[in-house]
Amino acid sequence: MTSPTSSAADSCSLFGSPSQVDILTSFVDEMKLNGNESTYCSICNEKFESPKVLPCLHTFCKPCLERIQDNIDGLRCPKCEQDCVLPPLGVSGLLPDYAFMNVLESQSVEKPPLSCTGCKTKDAHAEGHCLECDNDLCTNCILAHKYMLCFEDHTVISFKNGNANGIASDKVQHCPRHEREIMRFFCRTCNVPICKECTSEHPTGLHDFGHISDVGSREVDILKEKIEKSRAKLAELKGAGKSVDHLSNCLDMGYHKSKADIEETCKFIISAVEDRKDELMKELEDLYNTKKVSLVLYSSKVQEMTENLTGVSSFTERIMKNSSLSQILAYKELLESKLNHIISFNPNVNMQPIDLEFVSNYQAIQMSVRNTFGYIRNNFEGSPAPKPLNPIARPSSVINTDYSYQNGHSFESNMISKKFGSANSLGPFTTSLSDISPYEKWSNGPENNIFQNGTESFPAIEAPLELTHKFLSVSMYPVKSQIKRQKMIYHCKFGEFGVMEGQFTEPSGVAVNAQNDIIVADTNNHRIQIFDKEGRFKFQFGECGKRDGQLLYPNRVAVVKPSGDIIVTERSPTHQIQIYNQYGQFVRKFGANILQHPRGVTVDNKGRIIVAECKVMRVIIFDQLGNVLQKFGCSKHLEFPNGVVVNDKQEIFISDNRAHCVKVFNYEGVFLRQIGGEGLTNYPIGVCINQSGEILVADNHNNFNITIFTQDGQLVNASESKVKHAQCFDVALMDDGSVVLASKDYRLYIYRYVQAPGLAAITM
């Protein structure tokens, strides 16, 4: 591909047309009538004959323009190549170039002085001209026009008021429409000179016109002011032209540097792939040779035992056949030791089948290359959007067996972790999965790898359950099969898999601010993305790292509604809270030496930050500066907390995924009550409080379900989605009652649920 080239015409395209600067320059220059201007036509190279001015302000002879005119409606300027629209009369209707006409007239042979035509004196020289009488006047006639009542409304122009070239500043001009009439007036409304006959078409009241002698000077002054402004604009445009040249050079440099970087990146990736290929080939050779040697040795052992058995059997048969009983017993000790050795050898007739194959995921490789190779960053307005990538669902697998199944092929699970493990996926920020529960592996996905498999089922709970609080009041709710849930549909969805704006690799947390903007924690992309209530991307902040303003696996978000500050929790390895203002600017971070496994986060009406931790089953309350106000353990009541919300009574509502309910505590850690239960709120993923003060419990069992309770735990309403969602991360509530759902298919859905009479939604 050749490098893009830029021409001079292209560099000026920002100013409306390729030669706008030249047009303005020529216009200003042509206004400087200093006697040195060229009076020759650039087409015929002769002195102007009836010079006409085109709309682009270039002047040519009338016959020349008529000769080059290619259509009746317009022509192209020979100088600037701009298409010019002609008036109805064609070239004849164009304005004459009065300046050149006057210059040519002044350059002609000097004429004899005019004689007075206003009186009978033949020798009197004319000193002026009367516009009304249309007579050249001598000094006496000028005095008569000045003092006699019959000449009161007459306008006399003195020939002495000429310019340096001898051109009269108030030279008489006849109307092009009414040839006998002199243009004595100027219409400010239409911005054209008119004659007395034309005034009938410019009625007083609708049009503002006056005598040229009264308004002409002011209009010329206005034109001169605009010429001065044009000169200033010329300097500005020239500066802009230099800026365009500079930007063009920067564009060329950026193009060639980006091209070289792409080539270098490609070579690096090819080198890395070649290195990985060599590693795999060596690993394959080592495995093959090790197993091959083992099989050869085992085969030799079997062959040796077979030959020994054959020899012993042959010798024993010969002794038995040709020897007496006492002779046979003489060999008993020797033969018995050899036979016992042979009998003790037990060959493995049911050897494990050899399973040696190369396992790859072409879909994951393709997406990995797209998302890690790089992208073209630019700040061009109106640039084409990057081609959207089709979302790729996580491959399904079964984690409770030694073999997983992907794309119709079976292979050992440890090979997947070896091939697509997290050790090299995100540089130095790695975390061992050995201390993460099977359920959290399902809920979070792998810590550092976006291409790991999810799961399709919940693992069994290994720890013994305490029935004291976990199943209180479950019988008061009907089982799920007895609930008639209202159907709800989403009215908006957005997002897809990827690393560009509006794309996600793991939208694990969602919150809504006071303006109903949707704030999403894009965990594996190490950033926070903000969208409006219709799902349109607004901005993002954060990048992978541990410094201020950087994020590392943000997994939950909350909002301080009055200030708009955004609270972000990070999971392993940092385990901390970061605060950003509503514009995405870093404020502070804290909690790294206190938190262990932050899972749910919310903010109360006094700005206190409440964090619910999984694994350690603990609740910690911070102030905005990161000071710990309260903390308490609740391992007796919680199994896997994943969502938290508070009311104005300082009651903390925590959704417990494994206990299938919401547990309520006060700020001192005292357990108050349970809301929901198995059969009604199975595997809840989050909890919210609507503007009516009702508790919304969201779960993802079979469908996306919303179950509504009073704060005391009375069932109010129940809804379910018409479409199924494989797995979901988090929910948030908007002011209009819409529910924002973050799903594992890399999308966010906005649902509206319809309130219905509570008990009417239940059928027994």
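Let me start with Glu219, which has its place in helix α6, the helix that covers residues 212-322. I should say at once that what we are looking at is a predicted model. Is Glu219 buried or exposed? At 18% relative accessibility Glu219 counts as buried, because the cut-off for that label is under 20%. If we leave aside the neighbours within four places in sequence, Glu219 is in contact with Phe186, Arg188 and Asn191, and with one of these, Arg188, there is a polar contact between the two side chains, at 3.5 Å.

From the helix I would like to move to the strands, and to begin with β36, residues 739-743, which is mostly covered, five of its five residues being buried. Which residues point which way from this strand? Val739, Leu741 and Ser743 point one way from β36, while Val740 and Ala742 point the other way, and all of them are buried. That fits the general rule that in a regular strand the side chains alternate between the two faces of the sheet.

Now for the partners of β36. On one hand there is β35, residues 728-733, which is joined to β36 by five bridges and runs antiparallel to it. Within this pairing, Asp730 stands opposite Ala742, and Cys728 has Ser743 of β36 as its bridge partner. The two strands form a hairpin with five residues between them, and in the turn Gly737 has a positive phi of about 90°.

On the other hand there is β37, residues 748-751, which is joined to β36 by four bridges, again in an antiparallel arrangement. Here the bridge partner of Val739 is Tyr751 in β37. β36 and β37 also form a hairpin, this one with four residues between the strands, and the turn contains Tyr746, which has a positive phi of about 70°.

What is the order of the strands in the open sheet that holds these hairpins? Four strands form the sheet, in the order β14-β37-β36-β35, and the pairing is antiparallel. Its edge strands are β14, residues 490-494, and β35, each of which pairs on one side only. From one strand to the next, the twist averages 20°. Please also keep Tyr751 in mind, since together with Tyr490, Phe704 and Tyr749 it forms one aromatic cluster.

There is a further open sheet to set beside this one, with five strands in the order β13-β34-β33-β32-β31 and with mixed pairing. At its edges stand β13, residues 486-488, and β31, residues 684-689, and each has a single partner strand, so one side of each is left without a neighbour in the sheet. Neighbouring strands here are turned by 25° against each other on average, with direction ignored. As for the edge strand β31, five bridges join it to β32, residues 695-699, the two running antiparallel, and the bridge partner of Pro684 in β32 is Asp699.

Let me turn to the aromatic residues, of which the structure holds 15 pairs. The rings of Phe531 and Phe537 have their centres 5.8 Å apart and their planes at 75°, so this pair is edge-to-face. Its two members sit in unlike surroundings, if I may put the values side by side: Phe531 is buried, with a relative accessible area of 1%, whereas Phe537, at 27% relative accessibility, counts as partly exposed. Phe590 and Phe622 form a tilted pair, at 5.4 Å from centre to centre and with 50° between the planes. Phe590 lies in strand β22, residues 586-590, and Phe622 in strand β25, residues 618-622, so this pair ties together parts that are 32 residues apart in sequence. Both of these phenylalanines, Phe590 and Phe622, are buried.

I will finish with the cysteines. How many disulfides are there? The count comes to zero, and two residues illustrate how this arises. Cys44 is in no disulfide, the nearest cysteine sulfur being that of Cys64 at 3.6 Å, which lies outside the cut-off because a disulfide requires the sulfur atoms to be within 2.5 Å. Cys56 is likewise in no disulfide, and its nearest cysteine sulfur, that of Cys77, is 3.5 Å away. As to their exposure, Cys44 counts as partly exposed at 26% relative accessibility, while Cys56, at 1%, counts as buried.

Key: Residues numbered from 1 in each chain as written. Predicted model: local features only at pLDDT ≥ 70, side-chain atom pairs only at ≥ 80, totals over all residues. Heavy atoms only, no water. Buried < 20%, exposed > 50% of the residue type's maximum accessible area, 1.4 Å probe, protein only. Pairing = 2+ DSSP bridges. Axes fitted to C-alpha atoms, helices over the stretch in contact; angles between N-to-C directions. Phe/Tyr/Trp six-rings, centres within 6.5 Å; stacked < 30°, edge-to-face > 60°. Polar contact = N/O pair within 3.5 Å; in protein donor to acceptor, adjacent residues only side chain to side chain. Contact = heavy atoms within 4.5 Å.
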